[in-house]
Amino acid sequence: MFDTLEADVVVFQETKIQRKDLVDDMVLIPGWDCYWSLPRHRKGYSGVVIYTRQSVCAPIRAEEGITGVLCPPGSSTSFRDLPNEQQIGGYPSKSQLEKSAVDATTVDSEGRCVILEFPAFVLLGIYSPANRDETRDDFRLGFIELLDARVRNLISKGKRVILTGDLNISRDEIDTANAQSSMRKHGLTAPEYISMPARRMWQSPWTERCRSASSRPVGPLPGLSSLAPRHVHVLGAEGERETRELWVED
């Protein structure tokens, strides 16, 4: 599959596997390294993995989770408490953590984030919680808010950030088939629907300066001549390969 993609970095979400079920052909692929985040408690649930081609783009640091409270393998020291030279950095601050309805350990317990730092950029592989029912609203919003905080903090440190994965957020009404029924169900107007908390991340300054690799045709944002297209290969549901543009700031 990697040969078909012609990729140097491959990001998967919803691996739905436990550590004990990992087999050699998942983790010992010749010429590739892999970095996993697996759920701590729920079986066959969630999960993210990033594969990187050794000859082209070996990361200099790797972390699991958004908040930095998890520990590297074989260590009892959290990522955020490591010496500065061993950190990726940009961790949510105490005040940012206190604003979240969910504690940091819970947010990072479901195997939803891998972060790799390369010399030129920081790559996040994300699997955001879906909006399935109201029982998970606090967790979903807490995850998104802390993800937003981590990305903002990394950018403020001068790092280029590439966010990949499944955010499970429809940015606009046109991006989901059930927008009208959802608005009727909750008694919302279109502006209220677009302004719901989970979508506010798409209205922040850092998302206004990029374009996602979505299949909806949208031209480059006006006035941002510093944006440059990068091409990514995406496998569709039936295994077909699509080439899409990802716009990043030069």
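Visitor: Before we talk about the sheet, what makes two strands pair?
Guide: Two strands pair if DSSP finds at least two bridges between them. Keep in mind that this is a predicted model.

Visitor: Okay, so in what order do the strands of the open sheet come?
Guide: The order is 4-5-6-7, so four strands in an open sheet, and the pairing is mixed.

Visitor: Which ones are the edge strands?
Guide: Strand 4 (61-64) and strand 7 (161-166), each of which pairs on one side only. From one strand to the next, the twist averages 15°.

Visitor: In what sense do strand 6 and strand 7 pair?
Guide: Parallel, over six bridges, with strand 6 covering residues 122-127. To pick out one bridge, look at Leu-124: its partner in strand 7 is Leu-163.

Visitor: What lies across those strands?
Guide: That's helix 5, residues 137-156. Helix 5 lies across strand 4, strand 5 (113-117), strand 6 and strand 7, and runs at about 175° to strand 6.

Visitor: New topic. What's the usual sign of phi?
Guide: Most residues other than glycine have a negative phi.

Visitor: And what is phi for Glu-14?
Guide: Near 55°, a positive value in a residue that isn't glycine. Glu-14 is in the loop between strand 1 (9-13) and helix 2 (24-27). Glu-14 is also partly exposed, with a relative accessible area of 35%.

Visitor: What about Ser-46, buried or exposed?
Guide: Buried, at 2% relative accessibility, because the cut-off for buried is under 20%. Ser-46 has a positive phi too, about 60°, although it is not a glycine. You'll find Ser-46 in the loop between strand 2 (32-37) and strand 3 (48-53).

Visitor: Switching again: how many disulfides are there?
Guide: The count is zero, going by the rule that a pair of cysteine sulfur atoms must be within 2.5 Å.

Visitor: So how accessible is Cys-57?
Guide: Cys-57 is buried, with a relative accessible area of 13%. Cys-71, on the other hand, is partly exposed at 30%.

Visitor: Last bit, helix 6. Which of its residues are buried?
Guide: In helix 6 (residues 179-186), they are Ala-179, Ser-182 and Met-183. Seen down the helix axis, these buried residues fall within an arc of 100°, so they line one face of helix 6.

Visitor: Why would residues a few places apart point the same way?
Guide: Because an α-helix has 3.6 residues a turn, residues three or four places apart point the same way.

Visitor: Which exposed residues are on the face turned away from the buried side of helix 6?
Guide: Arg-184 and Lys-185. Just after helix 6 comes Gly-187, with a positive phi of about 65°.

Technical notes:
Residues are numbered from 1 along each chain as its sequence is written. This is a predicted model: local features need pLDDT of at least 70, side-chain atom pairs count only at pLDDT 80 or more; totals for chains, interfaces and linings use all residues. Side-chain values use heavy atoms; hydrogens and water are left out. Helices (H or I, at least four residues) and strands (E, at least two) are DSSP runs, numbered from the N terminus. Axes are lines fitted to C-alpha atoms, for helices over the stretch in contact, and angles run from 0 to 180 degrees between N-to-C directions. Contact means heavy atoms within 4.5 Å. Buried means under 20% relative accessible area, exposed over 50%, partly exposed in between (1.4 Å probe, protein chains only). The arc is that of the directions from the helix axis to the C-beta atoms.
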